[in-house]
Amino acid sequence: MVILRRGPTLVIPSARLPAPMETNPPKTVASPAAPNPPAAAVADPIIDIQNLDFYYGQNRALDGITLQIQEKKVAALIGPSGCGKSTLLRCLNRMNDLIDGTRIGRGTVRIHRVDIHQPDVDVIELRRRVGMVFQKSNPFPKSIYENITYGLRIAGIRNRSQLDEVVERSLRGAALWDEVKDRLHDSGIGLSGGQQQRLCIARAIAVEPEIILMDEPCSALDPLATAKVEELIHELKQKYTIVIVTHNMQQAARVSDHTAFFYLGRLIEYDETRTIFMNPSNPQTEAYVSGRFG
């Protein structure tokens with residue numbers, strides 16, 4: 001069995017994970033004629049995507065994607081609706097497996113040099129190592145405490161003192177501890193929208209992932225709550241690699257180290273965020289980030 005953890009392995013019993021909040025495939029259209037430009041090589045990337053084609057039935061949603069992401073960096077995926085950003089994000093922890101009729105046509109997705117679509121990969125362990133925060137906050141209908149400990153209990157951890165320690169560490173890591181420490185046994189659904197999203201982030205980091213995927217995590221939040229999540233992203237990248245999908249150009253510029261621009265299922269340009277927004281090499285990228293289309 002292949003897993004993605006370096007060092008001692010962790011055995012997790014099989015369990016069906018909750019389905020993603022969004023399962024609608026992006027719109028697909030004919031691919032542009034121009035080939036994807038080669039992305040700059042990254043030394044020993046934690047995520048290495050090579051020549052990836054992805055299909056919903058007969059419709060190709062991703063076309064020849066090659067992309068490498070460095071460890072403990074924030075990579076933003078931008079582009080108009082239906083360009084394949086969220087599809088690529090879900091490829092990184094195989095959440096697309098939960099959608100009928102999906103398949104990889106060619107190419108590979110490697111994490112720590114392991115091809116995660118090989119049949120001997122433990123998908124439950126993969127999703128523990130590659131956590132996900134969805135566009136719409138989805139706290140379980142349980143207490144704040146039970147939301148955080150859910151993944152640990154599935155893994156067979158029952159020691160109360162250990163669970164208490166993880167709950168406090170995770171809530172502090174999500175900048176939520178001071179706001180909820182006196183009501184840990186209240187329902188997570190009773191929190192505000194911004195607090196619910198940070199609770200979901202705390203739940204993701206409780207199982208100690210290496211990578212956190214964020215699919216438009218601030219799209220439903222007010223500016224104040226958005227600012228708190230963005231501050232949190234800056235803190236989290238000290239320990240985790242973060243890949244974020246966003247339609248907010250200003251947000252991508254504020255939080256990411258590298259930005260990838262997608263259009264019609266293809267990677268048009270990938271570079272340092274400052275370069276993408278200040279001096280892009282592709283006219284399509286310049287038109288998009290300047291607001292002339294999209």
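# A tour from strand β1 to strand β10

Start by selecting Asp53, which lies in strand β1, residues 47-56. The model is a predicted one, and the stops below are read from its atoms.

**Asp53.** Is this residue buried or exposed? Asp53 has a relative accessibility of 5%, and because the cut-off for buried is under 20%, Asp53 counts as buried. Show its side chain and look for two partners. One is the backbone nitrogen of Gly64, which the Asp53 side chain reaches at 2.6 Å. The other is Arg106: its side chain and that of Asp53 are joined by a polar contact of 3.0 Å. Now display the surroundings. Leaving out residues up to four places away in sequence, Asp53 touches Arg60, Leu62, Asp63 and Gly64, and also Arg103, Ile104, Gly105 and Arg106.

**The whole chain.** Zoom out and colour by secondary structure. The chain has ten helices and ten strands. Of its 294 residues, 53% count as buried. Among contacts with a separation of 6 or more, 72% are between residues 24 or more positions apart.

**Confidence.** Switch the colouring to pLDDT. The chain mean is 87, with 85% of residues at 70 or more. Next select residues 5-33, where the pLDDT is below 50. In the model this stretch has 59 contacts beyond near neighbours in sequence.

**Helix α6.** Select residues 193-206, the 14 residues of helix α6. From first C-alpha to last, the helix reaches 20 Å, close to the 20 Å expected at 1.5 Å a residue. How many of its residues are buried? The count is 13 of 14, so α6 is mostly covered. Step past the end of the helix to Glu208, which follows α6 and has a positive phi, near 55°.

**Glu269.** The last stop is in strand β10, residues 266-272, where Glu269 lies. Which side chain of opposite charge is nearest to this residue? It is Arg292, 11 Å away; Glu269 is buried yet has no salt bridge. Look instead at the backbone nitrogen of Asn282, which the Glu269 side chain reaches at 3.0 Å. To see the rest of the surroundings, display the residues that Glu269 touches, again leaving out those up to four places away in sequence: Thr259, Ala260, Phe261, Ile276, Pro280, Ser281, Asn282 and Thr285.

To compare the two acidic stops, show both side chains together. Asp53 has a side-chain polar contact with Arg106 at 3.0 Å, whereas Glu269 has no salt bridge. Each side chain also reaches a backbone nitrogen: that of Gly64 for Asp53, and that of Asn282 for Glu269.

Terms used. Residues are numbered from 1 along each chain as its sequence is written. This is a predicted model: local features need pLDDT of at least 70, side-chain atom pairs count only at pLDDT 80 or more; totals for chains, interfaces and linings use all residues. Side-chain values use heavy atoms; hydrogens and water are left out. pLDDT is the predictor's confidence in each residue, from 0 to 100. Contact means heavy atoms within 4.5 Å. Helices (H or I, at least four residues) and strands (E, at least two) are DSSP runs, numbered from the N terminus. The expected span of a helix is 1.5 Å times one less than its number of residues. Buried means under 20% relative accessible area, exposed over 50%, partly exposed in between (1.4 Å probe, protein chains only). Lys and Arg count as positive and Asp and Glu as negative; His and the chain ends are not counted. A salt bridge is a side-chain nitrogen of Lys or Arg within 4 Å of a carboxyl oxygen of Asp or Glu. A polar contact is a pair of N or O atoms within 3.5 Å; within protein, one must be able to donate a hydrogen and the other to accept it, and residues adjacent in sequence count only if both atoms are side-chain atoms.
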